[in-house]
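Reader: Please walk me through one helix and one loop residue. Keep it brisk.

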Amino acid sequence: MSEVSHLLESLATIVGKDNLKTNPADLAGPLTDWRRRYHGKACAMVLPASTQDVSAIVKVCARHRVPIVPQGGNTGLVGGATPDASGHSILIKMSRMNHVVAVDPVGNTITAEAGVILSDLQAAARASSRLFPLSLASEGSCTLGGNLSTNAGGTAVLRYGNTRELCLAIEAVLADGSVIGSRQGRLNGLRKDNTGLALAQCMIGAEGTLGIITRAVMKLFPLPRAQVTALAAVASPDAALRFLERAQMHCGSTLTAFELINELAVTLVERHFPPARYPFATRHPFMVLLEISDHDDQAHAMQLLEGLMQGALEDGMIGDAVIAQSVAQSKQFWALRENISEAQAAEGKNIKHDISLPIASIARFVEATDAALQQAFPGVRMVNFGHLGDGNLHYNVSPAAGASDQALLEKQDAINAIVYAAVERFAGSISAEHGIGQLKREALRLHKSGAELAAMAQIKAALDPLGLMNPGKML
Ligand SMILES: Cc1cc2nc3c(=O)[nH]c(=O)nc-3n(C[C@H](O)[C@H](O)[C@H](O)COP(=O)(O)OP(=O)(O)OC[C@H]3O[C@@H](n4cnc5c(N)ncnc54)[C@H](O)[C@@H]3O)c2cc1C
């Protein structure tokens, strides 16, 4: 019997034949990333049902020296969940580990398996009158394990923080098959626990390179009594920043989202997601989508937002404003924001930059970098949107009108060099919330110090001495 047959037989013994997939038709989707930039190969895809299964799979793979690539919803935007082209890897698909284990309404926590879909986790919290605030446009497909492994951000970071801030405990399987983070199968989820190094923190944002997350305890919050959404037209990122400052002072902790969207981004959504339509009578260079979450009632929330908008209109800080009058209208507003990535994908290729900057520098960054790009590549079009309240921009470059996708892609390195040099100059980060994966591996080397890269490599070598955990990603 060949080495591969031995491996597959051992894996089938762990998960059962039906949960070991080698058929190309079953593997095609999981082996291509969401943006269709990366196409990998794998010797098989295995679907574990428990932490014990994952541990046993990892031990078998370690014995056979076979690389392991964990995958959740496959919505990552940096190629982190796609194996390389060698065909030697085993893809571990977490979709069967999709259960919410427990909701603790006193401790305000939720415990779930890593393969649970984010929107199912939110729904389980809501069923107990609690809020799990992590919210992304991909929430119908992405998983808790993927969210933790990429330290996902999303639209409510302004008020509740990134996934890292929402996590109280993680259970994970390390490269030798050992399990950390639980004892006798129990995760503790303590809010205070200063017993040595915080190993769970190492797993967050590690993109599967240090181990496989199997379960986690996450924070919950009281469900707000009212949420009101509005759109405000602004002339520039600078005006948006002044409006952000005003909104934070006016609304305090009720301000839960503050998203910037440029006009081209909305145009693409109108084009590819009918009946989406522009919300103002005249076109404006930018708009802001903001939301407040209130613990009094709808009338109080409305009054607060109306007061903010009226003052900003009177002062000329915003050019127009519309407040959603119903849940349906609020959803329409959010659809303008949440469909941007898909509208861009439908339009053709673009060069994405998920960057963060000191918030006060964002307007100067946009002005300087737009000008530098126009000078180098006249006519390129900017699809610029993001979580302004977190200093996070999705600063994406599309081809000039009439130019081909291919012509743009040929300029990718030069465009990245301009954008990332500006990010460096303004003391920002080249990856705000999507991670490094395959896409930004080279860029990471250029934007971290030698000491930082060496420390990361030492941690990786200590936890994964054979280099089998998601090789070729991040480091
Ligand atoms: C339309 C759209 C909108 C998006 N909006 C946002 C946004 O607002 N904010 C944001 O942060 N991201 C956003 N994303 C990116 C993406 O949804 C997130 O990165 C998400 O957290 C990935 O989850 P996933 O389950 O799909 O992970 P995958 O894509 O399957 O994997 C992502 C990485 O995590 C690793 N991984 C997955 N599961 C595990 C596990 N159990 N243990 C260890 N490693 C694991 C993978 O190996 C890979 O490196 C968006 C994506 C799309 C398509």
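The questions below go through helix α1 and then Pro 83 in this predicted model.

Reader: How far apart are the end C-alpha atoms of helix α1?
Author: Helix α1 covers residues 3-15, which is 13 residues. At 1.5 Å a residue it should span 18 Å. The model agrees, because its end C-alpha atoms are apart by 19 Å.

Reader: Within what arc do the buried residues of α1 fall?
Author: The buried residues of α1 are Leu 7, Leu 8, Leu 11, Ala 12 and Val 15. An α-helix has 3.6 residues a turn, so residues three or four places apart point the same way. The buried residues of α1 line one face of the helix, because seen down its axis they fall within an arc of 130°.

Reader: Which residues are exposed on the other side of α1?
Author: One face of α1 is lined by its buried residues. What covers them includes β1, β2, α3 and β4. On the other side, the exposed residues are Glu 3 and Thr 13.

Reader: Which residue just after α1 takes a positive phi?
Author: Helix α1 runs over residues 3-15. Just after α1, a positive phi of about 90° is taken by Gly 16.

Reader: Is Pro 83 buried or exposed?
Author: Pro 83 sits in the loop between β3 and β4. Leaving aside neighbours within four places in sequence, its contacts include Leu 31, Val 69, Leu 91 and Lys 473. Its relative accessibility is 3%, and buried means under 20%. Therefore Pro 83 counts as buried.

Technical notes:
Residues are numbered from 1 along each chain as its sequence is written. This is a predicted model: local features need pLDDT of at least 70, side-chain atom pairs count only at pLDDT 80 or more; totals for chains, interfaces and linings use all residues. Side-chain values use heavy atoms; hydrogens and water are left out. Helices (H or I, at least four residues) and strands (E, at least two) are DSSP runs, numbered from the N terminus. The expected span of a helix is 1.5 Å times one less than its number of residues. Buried means under 20% relative accessible area, exposed over 50%, partly exposed in between (1.4 Å probe, protein chains only). The arc is that of the directions from the helix axis to the C-beta atoms. Contact means heavy atoms within 4.5 Å.
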